[in-house]
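Let's take a friendly walk through this model together. Please have a look at the sequence and the structure below before reading on.

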Amino acid sequence: MADEFDHIDFEELNTKAISQPLVTHIYTADPSAHYFNGKIYIYPSHDIDGGEAFDDLGSHFKMRDYHVFSMDSVDGDVTDHGVALDVDNVKWAAKQMWAPDAHEKDGKYYLYFPAKDHEGIFRIGVAVSDHPTGPFVAQPEAIKESFSIDPAVFKDDDGSYYLYFGGLWGGQLQRWRNGFYNSEQAESPTAHLPEDHEPALTAMVAKLKEDMLEFDETPVNALILDENGEPLLAGDNERRFFEGAWMHKYKGKYYLSYSTGDTHFLCYATGDSPYGPFTYRGQILGPVVGWTTHHSICEIKNKWYLFYHDSILSEGKTHLRCIKVTELEYEEDGTIRMIDPYPGFDSDKLI
Ligand code: FUB
């Protein structure tokens, strides 16, 4: 998939789109949605044009702050609650405030966010507020032993919270081995990846401490297996994990969903524990316009919804995206019905 979409008729694409942007006054992406106390809260990235050219390290994603949005219902008005956290108020962070998530515990709200530290290494931070919409106060240091990007926080039925995270290429996951960061070939997005025949890298997962501010354990791999019980391979680009992990539970099963990055699908795998192993089950969403695809899944009044993004609002600019929502449906056997974001549009044009 290219960064250029001049060949696309955006008017036609928009008439085929299953949903319209939720927010149009600013660019937004990577929507993490939660239903707290009868209201929908969305924690997205706030896309800006930082003047950086597109590259495979994601240098064009120069975001510096977060806005939180709320809605009373999925088809209701969207309220922008303003700046909830700015990079200037995070001591350890230098730049690139990428995809965040948040959760509630005992009346306090915890915003988890990735950013590059002053050495250019992605870490994950946490910021706290008494309100779901912030403003959030960041901890002075990133979470100990945190690395890479795309934190997603999941609350299990027993009240434990888990943080899923990780992303390839510019997300730096492949640079981490045994707790150490490999800084060699810093300009190469694909250096240090496993060979195609080796097991793929996976999202990481760690239980959070009672105070929600630290890991309670060293993060482990959320392993994804194929139909034969073997780990997905690094060369299996249409199924292996790339970034944007999300966890939800449906009828007692743990659903790990994620983006396949360079093949532009949202996929999922299921398991019997928050740590996995998970078995690959299929695709959730076909490619959207723009390089990235990123989502969350949220239950609202007994229906399930997929929050996602595309780049339709900016007519295809990868770094200027817009968040969207559509209903997500399950088959009787628990499989998720795949969603076509633009039915009737030639999807080859998107890739
Ligand atoms: O928004 C910046 C990055 O793009 C996110 O962290 C990735 O998941 C991708 O959506």
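Here is a short report on the ligand site, followed by a look at one loop residue.

Please keep in mind that the model is predicted.

The ligand is a good place to begin. It is surrounded by 13 residues, and the closest of them are Asp30, Met63, Asp150, His294 and Arg321. Sorted by class, this shell is made up of five nonpolar, four polar and four charged residues.

Which side chains make the polar contacts listed here? The table pairs each side chain with its distance to an oxygen atom of the ligand.

| Side chain | Distance from a polar side-chain atom to a ligand oxygen atom |
|---|---|
| Asp30 | 2.5 Å |
| Asp150 | 2.5 Å |
| Arg321 | 2.7 Å |

How much of the ligand does the protein bury? Taken alone, the ligand exposes 270 Å², and 99% of that is buried by the protein. If you look for empty space in the protein atoms alone, the space that the ligand takes turns out to be the largest cavity.

Now let's turn to Lys91. This residue is found in the loop that runs between β4 (79-86) and β5 (93-95). Is Lys91 buried or exposed? Lys91 counts as exposed because its relative accessibility is 70%, and the cut-off for that class is over 50%.

Lys91 also offers a handy distance to check in your viewer. Lys91 and Gly261 are 170 residues apart along the chain, and their C-alpha atoms are separated by 30 Å.

Notes: Residues are numbered from 1 along each chain as its sequence is written. This is a predicted model: local features need pLDDT of at least 70, side-chain atom pairs count only at pLDDT 80 or more; totals for chains, interfaces and linings use all residues. Side-chain values use heavy atoms; hydrogens and water are left out. A residue is near a molecule or strand if one of its heavy atoms lies within 4 Å of it. A polar contact is a pair of N or O atoms within 3.5 Å; within protein, one must be able to donate a hydrogen and the other to accept it, and residues adjacent in sequence count only if both atoms are side-chain atoms. Accessible areas come from the Shrake-Rupley method with a 1.4 Å probe; for residues, only the protein chains shown count as cover. On a 1 Å grid over the protein atoms alone, a cavity is a set of points where a 1.4 Å probe fits but cannot get out, and a pocket is an open set with protein on both sides within 12 Å along at least five of seven lines; lining residues have an atom within 4 Å of a point. A molecule sits in a cavity or pocket if more than half of its atoms lie within 2 Å of its grid points. Ala, Val, Leu, Ile, Met, Phe, Trp, Tyr, Cys and Pro count as nonpolar, Asp, Glu, Lys and Arg as charged, and the others, Gly among them, as polar. Helices (H or I, at least four residues) and strands (E, at least two) are DSSP runs, numbered from the N terminus. Buried means under 20% relative accessible area, exposed over 50%, partly exposed in between (1.4 Å probe, protein chains only).
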